[in-house]
Structure formats: structure tokens, C-alpha cells
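I opened the model to look up a few points and wrote them down in order. The entries follow the structure below.

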Amino acid sequence: MFTILLFIFAIQIVYVTAYTLRTILTLKGQKYIAASIGTIEVVIYVVGLNMVLSYLDQIVSLVVYAVGYGMGILLGSWIEEKIALGYITVKVISDAPNYKLAEVLRDKGYGVTAWIGHGRDGERIMMEILAKRKNRENLYKNILEIDPKAFVIMVEPREFHGGFWTKAIKR
């Protein structure tokens, strides 16, 4: 019975990891990769469900199935964070009324659009930066090293049009 429980647990982790990745890839517009994963995912699902239904009189098999489901979500999310598909838009508001932060970030290879904004307490430098998600931590660290008081917001854009990044993104 231990071998069967271990198999149920493993198959559920693989299934839900694939499910999680497929869902994330679908949301990011990677429909062909998502469809390929989905094809494999459904076979794994049917095999796993069949095993659990075969041992429905053993409550431990249902518990192992459920715990494997939770672990699969965690593993799938962890894998997606590591591959970090897509881009982020970073909005930065800096009290420093100069363009030093924008210049330093441009020198590091980031595309930065900067302009003067007017806040409650005076002029601010407003910036928008488009970066690959996998560079998010480095970008955030670079911003705070230069301006520890900077106001930073990160969002994931869904569509792109125009600008010098568009050609590189569509590849």
C-alpha cells in the first residue's frame, strides 16, 4: 500500500505542477506551450484519479491525493518564479529633482522614460521602466541603492505597442 500511496502522491504533484504552469503560460499568451503541457496533464490526471478511485475505501489515499495537490501548486508556482516569463513595468517616483537615477539605470541597460511630475511637496522625477521579470530583483535593488526613499510600483503589462522594446519582445 505504501508504494501505491507514494505513486498517488508523486503523480498528483506532477499533475498539479503541470496544471499550474499551463494556467500561468496561458495567461501569459504562451498558448502552444500551454496546450502541449495540457495534453500531457490530462493523461496524468486520469491515471491519478483512477488510482484514487480504486482505493477510495482507504481514506489515506484521498489525504495523500489532497496533500499532493497542494504540493503541486507550490512546486508549479516556484518553477514559474524561477523561469520568470514575461516583463514588468516599474513606476518610480523620486524626490531627488535630477535625472541621476534614470541615467544610472539606462547605463545598466534598462529602458527608462523620465519626466518631471508635481507632487504635494514639489517636483518629483517620474519614471517608467520596462524590464524582463527575471531582472526584477536586480532592478529593484539598483533603484533603492541610488534612492532608498523612492516610491516603486511593479506591474505586469499584457500588451505592447510601439517603442524600441516592441521588436525585441515579439521575437
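I looked up the sheet to begin with. In this predicted model, four strands form an open sheet with antiparallel pairing, and the order across the sheet reads β2-β3-β1-β4. I then asked which strands stand at the edges. They are β2 (111-119) and β4 (151-155); each has a single partner strand, so one side of each has no neighbour in the sheet. I noted the turn between neighbouring strands too: on average 20°, with direction ignored.

Next I checked what packs on this sheet. Helix α4, residues 100-107, does so and touches β1, β2 and β3 (122-132). The direction of helix α4 makes about 170° with that of β2.

I went back to one pair of strands. Strand β1 (residues 87-94) and β4 run antiparallel and are joined by five bridges. I found K91 opposite I153, which lies in β4.

Then I turned to N142, in helix α5 (residues 136-146). Is N142 buried or exposed? Its relative accessibility is 10%, and buried means under 20%, so N142 counts as buried. I set aside its neighbours within four places in sequence and listed its contacts: L105, K108 and Y110.

My last entry is on the surface. I found a nonpolar patch there, made of M1, I59, V60, L62, V63, V67, M71 and L74. Together these residues have about 720 Å² of accessible area. I picked out V63, which sits in helix α3 (residues 59-83). V63 has a relative accessible area of 46%, so I put it down as partly exposed.

Notes:
Residues numbered from 1 in each chain as written. Predicted model: local features only at pLDDT ≥ 70, side-chain atom pairs only at ≥ 80, totals over all residues. Heavy atoms only, no water. Patch = residues over 30% accessible without salt bridge, like charges linked within 9 Å, V, L, I, M, F, W, Y side chains within 5 Å. Areas by Shrake-Rupley, 256 points an atom, 1.4 Å probe, with all protein chains shown as cover. Salt bridge = Lys/Arg side-chain N within 4 Å of Asp/Glu carboxyl O. Helix = DSSP H or I, 4+ residues; strand = E, 2+ residues; numbered from the N terminus. Buried < 20%, exposed > 50% of the residue type's maximum accessible area, 1.4 Å probe, protein only. Pairing = 2+ DSSP bridges. Axes fitted to C-alpha atoms, helices over the stretch in contact; angles between N-to-C directions. Contact = heavy atoms within 4.5 Å.
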